[in-house]
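Me: I am new to this structure. Please take one part of it, look at it closely, and describe how it fits with its surroundings.

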Amino acid sequence: MTHTMLKGSNVPLEATTVRAVLRWTPGQGVPDVDASALLLGPDGRVRSDEDFVFYNQPRHPSGKVWRLGKKRIAEGLTDTIQTDLSGVEPGVGRILLVASADGVAFDQVPALCVLLYDAAVADGEPLARFEIKPETGAETALICGELYRRGEGWKFRALGEGYSNGLKGLATDFGISVDESEMEGEPASSQPLPPEQPTAAVPAQPPAYGYPQPMSAPAAVPGDPYFRLPPQGPQFLGR
């Protein structure tokens with residue numbers, strides 16, 4: 001059964017590995033949206049810049065939190081973060097699930113929602129669904145929800161908290177060191193992703209730590225608005 005979440009509500013999780021799928025409807029004037037994750041320690045801040053999983057650093061060094069990349073589905077476009085909750089380091093108490101919109105306000109992103117799945121169940125129904133309604137519409141980054149420890153288990157809480165200064169401002173608030181010289185943004189794109197190419201099935205467990213090509217991302221070539229250079233390490237590279 002899918003739990004329909006309201007802002008501030010929470011639900012316990014029995015799944016040991018979960019997929020948080022950010023979904024929205026593309027169209028004319030709709031910006032590109034990216035999913036990110038921040039792993040927070042007991043003080044509510046990252047322990048180092050490596051605790052930030054985003055488009056230029058798609059896998060946490062522990063191998064337990066990683067991006068699966070964007071997909072085109074019948075309902076729209078998605079970007080996904082997967083987490084092996086059973087293997088998350090004891091020093092991590094919360095994992096924030098974040099959406100950013102290339103510096104464009106989220107009032108231009110239709111039908112934004114986050115769906116939480118049990119990654120071990122193929123084609124299963126979502127465990128939880130949260131329709132995200134920005135409070136002001138001027139937000140350019142949103143904390144969609146969080147995975148957090150409760151006793152020996154984990155829970156998911158729907159949040160929908162916004163930032164008007166984008167992913168940079170959000171990341172800085174939680175202790176990420178931002179290199180201002182590398183924060184020159186790229187133009188936002190309103191074009192949809194190119195058609196997705198067939199890919200191999202995603203393995204149940206993440207491979208060893210490294211920076212592989214995204215497992216389900218569509219093919220792209222230089223000149224394509226979605227072409228990105230390979231990640232260069234943990235620096236925060238703005239878009």
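**The open sheet and its setting**

Reply: Of the 239 residues in the chain, 49% are buried. The model is a predicted one. Its accessible surface comes to about 11,200 Å², and carbon and sulfur atoms hold 52% of that area. Among contacts with a separation of 6 or more, 71% link residues 24 or more positions apart.

The secondary structure consists of 12 strands and 1 helix. Read from the N terminus, the elements run β-β-β-β-β-β-β-β-β-β-β-β-α, with the helix in last place.

The part chosen for the close look is an open sheet of 6 strands. Across the sheet, the order is β1-β10-β9-β3-β7-β6, and the pairing is mixed. β1 (3-4) and β6 (65-73) stand at the edges with a single partner strand each, so one side of each has no neighbour in the sheet.

Start at the β6 edge. The neighbour of β6 is β7 (residues 76-84), and 8 bridges join the two in the antiparallel sense. One of the residue pairs here is W66 with its bridge partner Q82 in β7.

The next strand inward is β3, which follows β7 in the sheet order. β3 and β7 also run antiparallel and are joined by 8 bridges. In this pairing, T17 of β3 has D84 of β7 as its bridge partner.

On its other side, β3 pairs with β9 (residues 113-118). This pairing too is antiparallel, over 6 bridges. Within it, V21 stands opposite L115 in β9. β3 itself, which spans residues 17-24, is mostly covered: 7 of its 8 residues are buried. Beyond β9, the order continues through β10 to β1, the strand at the other edge.

For the setting, turn to the helix. α1 covers residues 166-173, and its buried residues are G166, L167, G169, L170 and A171. These buried residues pack against five elements that are not in the sheet order given above: β4 (34-40), β5 (52-53), β8 (94-100), β11 (141-150) and β12 (153-163). Just after the helix, G175 takes a positive phi of about 100°.

To recap, the open sheet has β1 and β6 at its edges, while β3 pairs with β7 and with β9.

Methods: Residues are numbered from 1 along each chain as its sequence is written. This is a predicted model: local features need pLDDT of at least 70, side-chain atom pairs count only at pLDDT 80 or more; totals for chains, interfaces and linings use all residues. Side-chain values use heavy atoms; hydrogens and water are left out. Buried means under 20% relative accessible area, exposed over 50%, partly exposed in between (1.4 Å probe, protein chains only). Helices (H or I, at least four residues) and strands (E, at least two) are DSSP runs, numbered from the N terminus. Contact means heavy atoms within 4.5 Å. Accessible areas come from the Shrake-Rupley method with a 1.4 Å probe; for residues, only the protein chains shown count as cover. Two strands pair if DSSP finds at least two bridges between them.
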